[in-house]
Amino acid sequence: MPTALHHRHLLGIAGLTRASLRDILDRAHAHADDIASGSVEPTLTGRFISTLFLEDSTRTRISFETAATRLGASLIRFDARTSSLSKGETLLDTAQTLIAGGAECLILRHASSGAVAHLAHALDASGHRAAIVNAGDGMHEHPTQALLDVYTLERRLGSVEGRLVAIVGDVLRSRVARSLTHAVQTLGGRVHHVGPRAFVREGTGAPVFHDPLEGTRGADAVCFLRIQHERVGSGGGSGRSTYLPVSAYRRLYSDAVEGLIPEGAIVMHPGPVNRGVELGIETLNDPRCVVLDQVSAGVPIRMAVLERALLEGRGNA
Ligand code: NCD
């Protein structure tokens, strides 16, 4: 990340230090305790935050909105479908309009890898001070998902250090896998990328396993990913020639891996889950499955991220 870029932005996990991750995680653990005891301090009262989601979302969007509301901030919900983007306005002009209207932090989801960083650079260059938070950009990064995933690992397993996380599925097209791999490794854990050749390749920052038995052996957590049908053919040199039929994937990976999950391990999935494809109904109902814990974790994590974006001197490492 170029040094010119202000540290109040959160564009990705790559480049964040272990200390920065720790600051966000520790603040999130404290927020979770305050939520449980009903004593959240509204540290963002009077602050304006805008959600700018140019790609569909359920969990990420509602937990950012819940986090902002819990901290007392006011939300400007930008609706892309009814906006002037459809009249040809650029993303930069849209963002500048939201900032001119009072938004101090923009939470951006975009279908193109790099679009969020590009906007942050453009806004910085135009002298704006608004913070940009990446809520998922194409196949690049999804930093708050990775943070809530490692937070969930800490809650369930105590620590990420020395733990093995097997990420199973469409790793190649997954921003979740990319960010989670960085986060686990930065916190001293290990990651395996597991899947068929169409979904997992060498050079993505972790050892690759095409054999599910080998890839998940000894794992403390198995994180399943959705098959990113909408991204098949975009990037990664992929296309129909590398696409594995869902039935074959289900048989070779989901069924096989679900039967092998070690007793003390946890089962993760960022959602949305395609029931019966990446995960069977039995596994979703298994007490080892933490999918809804991950959703709950999204709120304290995003509270910590919004404070980092908006409050000078708190966790701004
Ligand atoms: C993911 C996303 O949108 O990147 N979901 C999420 O944010 N919880 C994963 C996916 O779409 O499969």
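Which polar backbone atom lies 2.8 Å from a nitrogen atom of the ligand, and to which residue does that backbone atom belong? In this predicted model, the backbone atom belongs to Gly 271, and the sections below begin with the surroundings of the ligand before turning to residues elsewhere in the chain.

## The ligand and its surroundings

The residues that surround the ligand are Thr 60, Arg 109, His 142, Gln 145, Arg 175, Val 176, Arg 226, Gln 228, Pro 270, Gly 271 and Pro 272. Apart from the approach of the Gly 271 backbone to a ligand nitrogen at 2.8 Å, two side chains come up to oxygen atoms of the ligand: a polar side-chain atom of Thr 60 lies 3.0 Å from one such oxygen, and an N or O atom in the side chain of Arg 175 is 2.7 Å from an oxygen atom of the ligand. Taken alone, the ligand would expose 310 Å², and the protein buries 93% of that area. The space that the ligand takes up is the largest pocket.

## A cis peptide bond beside the ligand

Two of the residues surrounding the ligand, Gly 271 and Pro 272, are joined by a peptide bond that is cis, with omega near -5°. Most peptide bonds are trans. Pro 272 itself is found in the loop between strand E9, which covers residues 266-268, and helix H9, which covers residues 281-284.

## Arg 178 and the stretch from Met 139 to His 142

Arg 178 is found in helix H6, which is made of residues 175-186. With a relative accessibility of 38%, Arg 178 lies between the limits of 20% and 50%, and therefore counts as partly exposed. When neighbours within four places in sequence are left aside, Arg 178 is in contact with Met 139, His 140 and Glu 141, and the side chain of Arg 178 reaches the backbone oxygen of His 140 at 2.9 Å. The C-alpha atoms of Arg 178 and His 142 are separated by 8.0 Å, although these residues are 36 places apart along the chain; His 142 is also one of the residues that surround the ligand.

Gly 138 has its place in the loop between strand E4 (131-137) and helix H5 (143-157). Gly 138 is buried, because its relative accessible area of 1% falls under 20%. Its C-alpha atom is separated by 13 Å from that of His 229, a residue 91 places away along the chain.

## Three more buried residues

Is Thr 94 buried or exposed? This residue, whose place is in helix H3 (residues 91-100), has a relative accessibility of 3%, so it counts as buried. Not counting neighbours within four places in sequence, Thr 94 is in contact with Leu 52, Phe 78, Leu 85 and Glu 89.

Ala 219 lies in the loop between helix H7 (212-216) and strand E8 (221-224), and it counts as buried because its relative accessibility is 4%. Beyond the residues up to four places away in sequence, Ala 219 touches Leu 164, Ala 166, Pro 262 and Ala 265. With Ala 166, which is 53 residues away along the chain, the separation between C-alpha atoms is 6.1 Å.

Thr 43 lies in the loop between helix H1 (18-37) and strand E1 (48-53). Its relative accessible area is 18%, which is under the limit of 20%, and so Thr 43 is buried. The side chain of Thr 43 makes a polar contact, at 2.6 Å, with the side chain of Glu 307.

Terms used. Residues are numbered from 1 along each chain as its sequence is written. This is a predicted model: local features need pLDDT of at least 70, side-chain atom pairs count only at pLDDT 80 or more; totals for chains, interfaces and linings use all residues. Side-chain values use heavy atoms; hydrogens and water are left out. Helices (H or I, at least four residues) and strands (E, at least two) are DSSP runs, numbered from the N terminus. Buried means under 20% relative accessible area, exposed over 50%, partly exposed in between (1.4 Å probe, protein chains only). Contact means heavy atoms within 4.5 Å. A residue is near a molecule or strand if one of its heavy atoms lies within 4 Å of it. A polar contact is a pair of N or O atoms within 3.5 Å; within protein, one must be able to donate a hydrogen and the other to accept it, and residues adjacent in sequence count only if both atoms are side-chain atoms. Accessible areas come from the Shrake-Rupley method with a 1.4 Å probe; for residues, only the protein chains shown count as cover. On a 1 Å grid over the protein atoms alone, a cavity is a set of points where a 1.4 Å probe fits but cannot get out, and a pocket is an open set with protein on both sides within 12 Å along at least five of seven lines; lining residues have an atom within 4 Å of a point. A molecule sits in a cavity or pocket if more than half of its atoms lie within 2 Å of its grid points.
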